[in-house]
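Work through the following exercises with the sequence and the model at hand, and compare each result with the solution that follows it.

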Amino acid sequence: MTKYVYYFGQKNSEGAAEMKELLGGKGANLAQMAKIGMPVPPGFTISTEVCAYFYQNNQQYPQELGSQVEEALSRVEAEKNQKFGDIQNPLLFSVRSGARVSMPGMMDTVLNLGMNDKITQELAKKNPRFAWNSYWRFIFMFADVVMEADKEELSEVLDGLKKERGFKKDTDLSAEDWKETAERLKAKVKHSTGQDIPQDPQDQLKKAIGAVFKSWMNPRAITYRKLNKLPDDWGTAVNVQSMAFGNLNENSASGVGFTRNPSTGDKKFCGEFLLNAQGEDVVAGIRTPEPIERMQDMFPNIYDEIMKISETLEKYFKDMQDIEFTIESAKLWMLQTRTGKRTIQSAVKIALDMVEEGLIKKEEALLRIDANQIESFFRPSFDPKSSKEFLAKGLAASPGAVVGEVVFDPAEAVDLVEKGHKVILVRKETSPDDIHGIAVSEGVLTARGGYTSHAALVTRGMGKPAIVGCESLIVDYKNEEVWAGDKAIKKGERISIDGTSGEVFLGEVKTQPPHVSDDLGKILKWADEFRKLKVLSNTDTPQQARQSKEFGAQGIGLCRTEHMFFGEERIPYFQEMILSKDKTERERALGKILPFQKSDFTEILRVMEGLPVIIRLLDPPLHEFLPHKEEDIKKLALQMSITFEDLKTRVDNLKEQNPMLGHRGVRLAITYPEIYEMQAKAIMEAACGLVKNGVKVYPKIMIPIVIDLEEFRIVKNKIQKICQEVMENYKTDFDYKIGTMIELPRSAMLAGEIAKEAQFFSFGTNDLTQTTLGISRDDAGRFLPEYIDQKIFKEDPFVVLDQNGVGELIKIAKERGKAMRSDADFGICGEHGGDPKSIEFCNDIDLDYVSCSPFRVPVARMAAAQAAIRSR
């Protein structure tokens, strides 16, 4: 018989920390905490296998589940000395989700399950406020999660009563007020859904378990998985845990904490708590909690116990922990521990510190870094010299400085961003339902909530700047404005938020370039110790070359020469060359362009002294450089001293039906060899001039979109002849290479033949993806999202390399090319060169290098190291 239910408690826990795939992170860690003697309320976990069965069998359960749940429930009753459904001594449960990785707030929870009218009335005899407050919470959550009642309508009940009686806070309500709120809420649920809140605890439990399984596929959970690239088929476990009540009395509280600061990484416990509250109050941000340090005065013994437990957990799990706890009548209960979400700045510092402390090794430290998030180190900060109009200050929840238009509705944020706006989402507090708006916003600002609220957790995980608990702000959704003192900021007005300082400013504050921390430099040096792949950059200007070198690039993997022609002073000469009637005219125009090219190459080669610089000769179709508006054609005709009609005819003649597969790249060199000859001459004259002045250079000339050996040989021979002539004229000698860019399936398959002449191979994965899949990247947006939603593609193949198709061609080409020419270098230079998953593939098939944009170089260095470590 398959085991589906795993008990945890002080008496023999059945799970363990390493069982996350089966029990989810929450269930596995609860079991482990209980095993090592921590105060964990007993309960049981229903495995992720049941979730898979649930979705594969029309939301039915395995036959054995019922009896296993009954058995586990009996064990909890015995340990707690309470009875589920008993009026005098009731056992109450929380029913919570638990995926294998943390998805904060994305799925559903029901607290106080097991309460009904009779049990509440009996509990009220001893503690009326607690009883009716708890019952109201249960009704609200059960109606929302299980019965799918409208959450806004449910909230109106409490809001309405508070307004009637002039209450500002929930804590102002008396026991009688909570009783009336619960009764009104029951009536609202009946009116809204046509059903009563179930009075049978067993019925409640069965329905709540099903609702939590269903929440795996709710819109916010799906959105979160898409954003974080998590598989849909993992499923969630369900944790049924006996309640510990932080709202029992004034000696009770609920709190959340991190064993280290999740924003900075400082080794100091960072947490918050609320007196007389349940855990949902803390993370929902409805009330701004107290800092954990205040607990030293209120519960000094419990504070010391929490500090000891946090130290034990961090040493056991060897990582920063995010813990959830409840104090019930001065007794501490641990409700959760999980690996804490953190900013990339914090992640790097914690990784470095834990190696120094001997908790982990360098390899583990590197694997803990989210390579993609390294780019956020290079975000700008506000210029301290810039004038600012201060509005408010809150808690600095997630660092970074951003500017955007104020927007209050998450759905509207999505619409505005799709239209090209940059927005800052302003909310009273965020909820998991806001995930789609948070994801597209530049940053988030909330009036309520603490350091451990939903907004803080999610934005830190995404690397987005956020300020929470900005209590001086009054957010008015109805009138779409937010008040800071006597200043009203309307929807659409621009504000600036600094997630590092917690400050909010009116208008747009000027930014300054980022200062990269020493911590990042140190951990990237560690990465360089382990990686096998070289990391080059896609660079077209001397400024980009300098930046790339600062970021650790080991050369240039793609210098696109066509980008050098678009300067205002240069483009007319280039257009003149394109529109020339014959070779003589073309060579005259090329002679005017050569000095510009030579100057550019000189500076780039000088900056990258001693490092390889792969220069791609002209690739795009010529018509892309021509004017298309009538007034621009007239201007150029005047400059060329020809008639408008003549020039327009020439422009029209150069237009192509399918330019991507048209007269471009090496095909230009076959028909107009003088273009590539000029470029080769400019490259070699630049290189020779530097060599004469003692500068080491290593140019590599790349011929794009080759399809055949003979085609490549013809062009290579002409380029080689120019190179030798220039070197002889300058009386210099140095290494240079001539290679090719593989962008077509045919050239990939013929790489063994082409390697007879080509000295290196660079896979242009952008075009290779287009030509292999037969999909235009520019048009794919119309249908590609559906392909991903329907699991035809797991991910966008223009972002993450299609390993089964494009990847297989790269693998074949590399194997055949290496067999012919063992000393040839093979690498990729498309956008995929900065994607960690694509980099891992390149590592696994033993490519020599990846090349990416300058700001992705640190990302690629880290990803390459991680790939090398994993492949050991």
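**Exercise 1.** Determine how helix α4 (residues 117-124) and helix α5 (residues 128-145) are placed relative to each other, and which residues make the contact.

*Solution.* Begin with the axes, which are lines fitted to C-alpha atoms over the stretch in contact, with angles running from 0 to 180 degrees between N-to-C directions; helices (H or I, at least four residues) and strands (E, at least two) are DSSP runs, numbered from the N terminus. The axes of α4 and α5 come within 7 Å and cross at roughly 155°. That makes α4 roughly antiparallel to α5, given that angles over 145 degrees count as roughly antiparallel, under 35 as roughly parallel, 65 to 115 as roughly perpendicular and the rest as oblique. Next, list the residues in contact (heavy atoms within 4.5 Å): α4 contributes Asp117, Thr120, Gln121, Leu123 and Ala124, while α5 contributes Pro128, Ala131, Trp132 and Tyr135. Finally, sort these residues, which gives 6 nonpolar, 2 polar and 1 charged.

The model is predicted, so that local features need pLDDT of at least 70 and side-chain atom pairs count only at pLDDT 80 or more, whereas totals for chains, interfaces and linings use all residues. Residues are numbered from 1 along each chain as its sequence is written, and side-chain values use heavy atoms, with hydrogens and water left out.

**Exercise 2.** Describe how strand β9 (residues 321-328) pairs with β10, and establish how many residues of β10 are buried.

*Solution.* Two strands pair if DSSP finds at least two bridges between them; β9 and β10 pair in the antiparallel sense over 8 bridges. Within this pairing, Ile323 stands opposite Thr337 in β10. The two strands, β9 and β10, form a hairpin with 2 residues between them, and Ser329 in the turn has a positive phi of about 50°. For burial, use relative accessible area (buried under 20%, exposed over 50%, partly exposed in between, with a 1.4 Å probe and protein chains only): in β10 (residues 331-339), 7 of the 9 residues are buried, and the strand is therefore mostly covered.

**Exercise 3.** How many salt bridges does the structure hold, and which parts does the pair of Lys491 and Glu412 tie together?

*Solution.* Apply the criterion of a side-chain nitrogen of Lys or Arg within 4 Å of a carboxyl oxygen of Asp or Glu; the structure holds 68 salt bridges. In one of them, the closest N and O atoms of Lys491 and Glu412 are 2.8 Å apart. Lys491 lies in the loop between β20 (487-490) and β21 (494-498) and Glu412 in helix α15 (residues 410-418), so the pair ties together parts that are 79 residues apart in sequence. Lys491 is partly exposed at 33% relative accessible area, and Glu412 is likewise partly exposed, at 21%.

**Exercise 4.** Are Arg560 and Asp540, which form a salt bridge, buried or exposed?

*Solution.* Their closest N and O atoms are 3.1 Å apart. Arg560 lies in strand β25 (residues 556-560) and Asp540 in the loop between β24 (534-538) and α19 (542-550), so that parts 20 residues apart in sequence are tied together. Both Arg560 and Asp540 are buried. Elsewhere, salt bridges that share partners join Glu562, Arg616, Asp619, Arg664, Glu743 and Asp767 into one network.

**Exercise 5.** Locate Lys229 and state its backbone phi.

*Solution.* Lys229 sits in the loop between α9 (219-228) and β5 (237-242). Although Lys229 is not a glycine, its phi is positive, at about 55°, and its relative accessible area of 41% makes this residue partly exposed.

Note on methods: Nonpolar A, V, L, I, M, F, W, Y, C, P; charged D, E, K, R; others polar.
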